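Got the model open in your viewer? Here's a short tour, stop by stop, with something to select at each one.

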Amino acid sequence: MADRRLQVFHTVARLLSFTKAAESLHMTQPAVTFQVRQLEEHFNTRLFDRTHNRISLTEAGVRVFGFADQIFDLYNQMENEVRELTGDISGVVLIGASTTIAEYMLPALLGDFKARYPDVEIQLRVSNSDGIVSMVESNAIDLGVVESPVANKNLVVEHCTEDQLVAILPQGHPLARLKKLTFKRLLDYPFICREEGSGTREVIGDYLTTQNGDNDLHMHVAMELGSPEAVKGAVEAGMGVSIMSGSTIQKELRLGTLVAVPLDPPMTRPFSFVHQKQKFRLRVMEELLDFARSYCREQ
C-alpha cells in the first residue's frame, strides 16, 4: 500500500547504497535508481549527493527520510491494529540463521509455527553469524538467530537458550575413553575448525583466550571448513579433532561414527534472537517472536 518510490528511497537512504538497496529489495539497480529519480522529479529537487562512488543525503533528502520513518511506523501500526480486530495472522517473515541453528534447531520451531499459522509464509536465509547480523543491520531479514555475541548496540539481542559444545573425536582415538577433556590436551592433535566469522569459531577463540592464563595454549588449525557436516566428515575420516555443538552430532553418536567428550571447564554459548529496534512491528513478526521465546523456554 505504501508509495513504492518512498519505500525504495527509504531503503537507499538507510543503507546509503544503491547496490545494497537493490539486494535488500530484490530489485535491479537500474530499477532502484529509476524509483529514486521519480521521487526526485516529484519534489523537483535532488535527494542524494553522488560523489566519488559514494552517496549522502541532501538537506531535502534528510527531511524526506525523517517523514518516511514516521509514515512507515504509522503504516505498521495501522496494519497491526486492523489485524488485531480481524484476528488475521498472515504475511511474509524473513528469517536468517547461522548454519548450526538453521540445520538443527529451526526446522522443528518453524514447523510448529507454520502448523499453527498456515497463512504465514516463512523465508529462511542461512549464513554464518557475522553474515546474519549484517542482514539484520541492512533490514534484509526481519529476524536473525545467531550463536555468538552481537557487537552492534543499536540492535535488540534477546537470549534464547544455552548451547553446550563438546570435543568430537573419531572412534578409536586415544582420548575417546575419557570422561572429561581439557582444551589444552585436545590441542595436542590436528584441529579441524569452522571458517572465520562463524559463531563456533568465535566462541572457541574466546574460550581459548579466557583459558590461556599461562600463555601455552595455541590452536594450530590443520583444516578450515565451511559447514558442520564438513567438519564432522573430516573428523570421522580421522583427519583431526574438533569442537561442535552437542545438538549437531546426535545422529553420529547413535551410529557410533563419532565420540563426544565434555570439556573441562565446560564451553557454552548463547543462542540469541537479533532484530532492529522498531516502534511498531507487523503482527506476524510479533507472533513469531512470542512463539520462539516460548519454544526456547520449553526446550
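A quick bit of vocabulary before you click: a residue is buried under 20% relative accessible area, exposed over 50%, and partly exposed in between, using a 1.4 Å probe and protein chains only. This is a predicted model, so local features need pLDDT of at least 70 and side-chain atom pairs count only at pLDDT 80 or more, while totals for chains, interfaces and linings use all residues. Residues are numbered from 1 along each chain as its sequence is written, and side-chain values use heavy atoms, with hydrogens and water left out.

**The whole chain**

Start zoomed out. The C-alpha trace spans about 75 × 50 × 30 Å along its principal axes. Colour by secondary structure and you should find twelve helices and ten strands; these are DSSP runs numbered from the N terminus, with at least four residues (H or I) for a helix and at least two (E) for a strand. Of the 299 residues, 47% count as buried. Contact here means heavy atoms within 4.5 Å. Among contacts between residues at least 6 apart in sequence, 73% join residues at least 24 apart.

**Stop 1: the H1 to H3 stretch**

Select Leu-16, in the loop between helix H1 (4-15) and H2. Its phi is near 50 degrees, a positive value in a residue other than glycine. Leu-16 is partly exposed, at 43% relative accessibility.

Now move along to His-26, in the loop between H2 and H3. His-26 also isn't a glycine, yet has a positive phi of about 55 degrees. Is His-26 buried or exposed? With a relative accessible area of 56%, His-26 is exposed.

Next, show helix H2 (residues 18-25) together with helix H3 (residues 29-43): their axes come within 9 Å and cross at roughly 105 degrees. Those axes are lines fitted to C-alpha atoms, for helices over the stretch in contact, and angles run from 0 to 180 degrees between N-to-C directions. H2 and H3 are therefore roughly perpendicular to each other, a label given to angles of 65 to 115 degrees. Turn on side chains to see who meets whom: Phe-18, Thr-19, Ala-21 and Ala-22 in H2 meet Gln-29, Val-32, Thr-33 and Val-36 in H3.

**Stop 2: Glu-195**

Jump to Glu-195, in the loop between strand E7 (191-194) and helix H9 (199-210). Glu-195 counts as buried because its relative accessibility is 17%. Which residues does Glu-195 touch, not counting those up to four places away in sequence? They are Asn-128, Arg-201, Glu-224, Leu-225 and Gly-226.

**Stop 3: either side of E9**

Pick Val-241, in the loop between helix H10 (228-236) and strand E9 (242-245). Val-241 is buried, at a relative accessible area of 1%. Leaving out residues up to four places away in sequence, Val-241 has contacts that include Ile-168, His-173, Tyr-189, Phe-191 and Val-235.

Then select Ser-247, in the loop between E9 and helix H11 (250-255). Ser-247 is partly exposed, with a relative accessible area of 37%. Not counting residues up to four places away in sequence, Ser-247 touches Tyr-104 and Asp-163. Try a distance label too: the C-alpha atoms of Ser-247 and Pro-228 are separated by 11 Å, and the two are 19 residues apart along the chain.

**Last stop: a cis peptide bond**

Finish at Asp-264 and Pro-265, which are joined by a cis peptide bond with omega about 0 degrees. Pro-265 is in strand E10 (residues 258-276).

Definitions and conventions. Angles under 35 degrees count as roughly parallel, over 145 as roughly antiparallel, 65 to 115 as roughly perpendicular and the rest as oblique.
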